[in-house]
Amino acid sequence: MNTYRQGWTLRRRVLALLAVVGVLLVGLAVAEAAVAAKNRAYTDALLSKTGPLRVQGQELLNALLDQETGIRGYAVSGNRADLAPYEQGVQQERDILATITGLSRDYPEVAGELRAAQQQADAWRRAVAEPVIATTASSGTAAGQALITAQARQQFDQVRAAVGDLQTAILVEREKGARNIERTGNLLVALLIVAAVVVVVAGVLTLLALERMVIRPLTGLAQQVREVAAGDYQHHIAGSGPPEFRRLADDVDVMRQKIAKDLAEVRAARENIEWVNSQLQKQAEELTRSNRDLEQFAYVASHDLQEPLRKVASFCQLLQRRYAGQLDERADQYIAFAVDGAQRMQRLINDLLAFSRIGRLTTGFVDVDLNKVMGDVASQTEPGRQYADAELTWGELPVIRGEEPLLTNLLVNLVSNSVKFRRPDVAPKVRVSARLVGDEWEITCQDNGIGIEAEFADKIFVIFQRLHAKDAYPGTGIGLAIVKKIVEYHGGRVWVDTDQAEGTAIRFTLPARPADVEAAQAAAEADAAAATDGDAAATQAATDDAASHPVEETPAAAEDADAADRPAPVGRQPNGANDEDLPGGPPGHGATGGTKERVG
C-alpha cells in the first residue's frame, strides 16, 4: 500500500490541473472585467463629457460673437433694441460657463482655459462693451463709434483666442479619451486572446496528461490482460501510472493468480478424470470380456453342466428306485442326499441363468397391460394355489412400458412367495393393486402370511439370502433378487412396507406413461370442480325441495339410495371369498372386472 502513496492520485492530479486553469481563467476574467470597466468609463467620458464640452466651447464662442455684434449695432444705430443680441449673449455665456464648469471638473487644463477665457471676456466687457453702451446712450452714436477702435478689436481677438485655447484643450482631452478607449480595447482583446491561449494550453495539457496518466497505463494493462487471456496465465501483470491504476493492476493480477490456480486444479482434475476414464475404459473392456466369459459360462452351465448333472441325478434316482430297501438304511439316506443335492443344483443353475439373462437378452419395451399379465400369472401359479387353497385377487391395473415376459416373471415370483410363506392355520389370500403416485405407478402385492420383520426388510432382496432353514420353506432364495433386478431394469424401485399389521406388503414402482399422468391430472381437476359445483347445487336444491315438498323417506328408498352409492361388487368365482375378507380391504374395479382366482 505504501507504493500507492508515492505519487499523486489521478483525482488529485486532475483537480490540481483544473485548479491552476481555473485560477488563471478567474484572474483573466477579473482583469478583463477591470479593463472593460475602464473602457466603458473612457467611452462614457468621451460621449458624455469631452464631446459636449467641445459643443459647449463652440456655443461659448458664438455667444461672445453675438455680444460683440450687438455692441457694434447699438453703437451705429443707438437703438436700444439692437442691444438684445448682446444681452442674450451674456445670459447664454453664463449658462454655457456653468455647463462647461460642471463638465470640466475631471479636466484641470480645460478648467484653467475656461477661467482664462472667462477673464478675457469679462475684461473685454469692462473695457469695451460697457463704455460703448454708456457713451452711446449719453453722447450719441458718434461718440460710441469712436470708442470702437483697433485696440478694442484686438482685445476681442484676445477673447476669441482664449476661447480657441479652450477648444484646443477640450480637443486634447477628447483625443486622450479616444486613445484610452483604444488602449483598453486592445488590452481587452489581448486578455481574451490570453484566455483563449490558456484554454487551448489547458486542453493540450489535459490531452497529454490523459495520454500519459490514463491511456498509456490502460493500454499497457489491456495488453497484459490480453496476453493472459491468450493463455499465458503465468504472466505477471504490473501496473503503471497513478496509484489507482497500479492498484487495479494488482487486483487483476490477484484475479489472474486465482484463475491460474483454479486452472491448475482443473487441469489436475482433468488429468485425474482422464486417468479415471482410462481406468473405466479398461474396466469396461474387462467387463466386456467378463461378460463374454459369463455368457460362455452361461452356455456351459445351460448345456455342458446340465448334461452331467442330469446324468448324476438320473442314475441316483435309478439307484434309489432299484436298490431301495436292499441296502442298509444309511445307504438309502446317502442316495437320498445325492438325489436331493443334484436336484437343488439343477434349480440353482436354472435360477442363476434366469437372473443373469435379465436385461441382457432384451426384446424391447412395449405397452404391457398388467391385467392381461395377471391372467397369465394366475394360470402359472394355479398348481401352487390349488395345493395351498390360496385366493388371488387384483384390482384395475395400468398399462405400462416394459417387457411382458419379465413383468410376468416379476408378478409370478411375488404371488408365489405370498403363497409359500403362509400361516399354517389360515388360507392364503393375495391381492395385487395399483395407484398413481406422481408420474409413477405404485403396485402392491399384499398377503396375509407370516410377514417380515423390519430388520430383514432389505436383506430379502439379496441373492441367495434366506431367512428360514431350507427344510422349512423350499426354494433357492433368488426369487426376490430377480424381482428387484426386473423392477430396477424397468426404472423403478422395490421395498417392503413394514407398517402392515398383518402379513406382508411388497410395493414396487414403474414409470407411468405421460398420457396416463396428464389424464389423471385432468380428471382430478374436473372432479374437484364438479364436486364444488355439485355441493353448491345440491345444497340449494335440497333447501328448495325441503321448503316446498317435504316427503318422508321410506326404508326401501333409503336402501336403494345406499345401494346406488356403493361401488359395484367385484365378480368372483364360485366358493371365492368376499372382498371384505381380503387383506387390505375390498379390491378396486379393474379392466378385468376385478377377477378373483380361488382354487379349493
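**Rings, surface and core in a predicted model**

Me: Is Phe 365 buried, partly exposed or exposed in this predicted model?

Reply: The relative accessible area of Phe 365 is 31%. Buried requires under 20% and exposed over 50%. Because 31% lies in between, Phe 365 is partly exposed.

Me: The structure holds 2 aromatic pairs; what kind of pair do the rings of Phe 365 and Tyr 489 form?

Reply: Their ring centres are 5.6 Å apart, and their planes stand at 85°. Planes over 60 degrees apart count as edge-to-face. The pair is therefore edge-to-face.

Me: How many residues apart along the chain are Phe 365 and Tyr 489?

Reply: Phe 365 belongs to the loop between helix H7 (329-357) and strand E1 (366-369). Tyr 489 belongs to helix H11 (residues 479-489). The pair thus links distant parts of the chain, and the separation is 124 residues.

Me: Is Leu 208 buried or exposed?

Reply: Leu 208 is located in helix H5 (residues 150-229). With Val 189, Ile 193, Val 197, Val 200, Val 201, Val 204 and Leu 205, Leu 208 forms a nonpolar patch on the surface. Its relative accessibility is 52%, and the cut-off is over 50%, so Leu 208 counts as exposed.

Me: Which element gives the largest share of the largest nonpolar core?

Reply: This core has 40 residues, and Leu 370, Met 374, Leu 410, Leu 414 and Phe 508 touch the most other members. Among the elements that give two or more residues are helix H8 (370-380), helix H10 (404-420) and strand E7 (505-511). The largest share, 8 residues, comes from H10.

Terms used: Residues are numbered from 1 along each chain as its sequence is written. This is a predicted model: local features need pLDDT of at least 70, side-chain atom pairs count only at pLDDT 80 or more; totals for chains, interfaces and linings use all residues. Side-chain values use heavy atoms; hydrogens and water are left out. Rings of Phe, Tyr and Trp (its six-membered ring) pair if their centres lie within 6.5 Å; planes under 30 degrees apart count as stacked, over 60 as edge-to-face and the rest as tilted. Helices (H or I, at least four residues) and strands (E, at least two) are DSSP runs, numbered from the N terminus. Buried means under 20% relative accessible area, exposed over 50%, partly exposed in between (1.4 Å probe, protein chains only). Patches are made of residues with over 30% relative accessible area and no salt bridge: like charges are joined within 9 Å, nonpolar side chains (Val, Leu, Ile, Met, Phe, Trp, Tyr) within 5 Å. Accessible areas come from the Shrake-Rupley method with a 1.4 Å probe; for residues, only the protein chains shown count as cover. A salt bridge is a side-chain nitrogen of Lys or Arg within 4 Å of a carboxyl oxygen of Asp or Glu. A nonpolar core is a set of buried Ala, Val, Leu, Ile, Met, Phe, Trp, Tyr and Cys residues joined through side-chain atoms within 4.5 Å.
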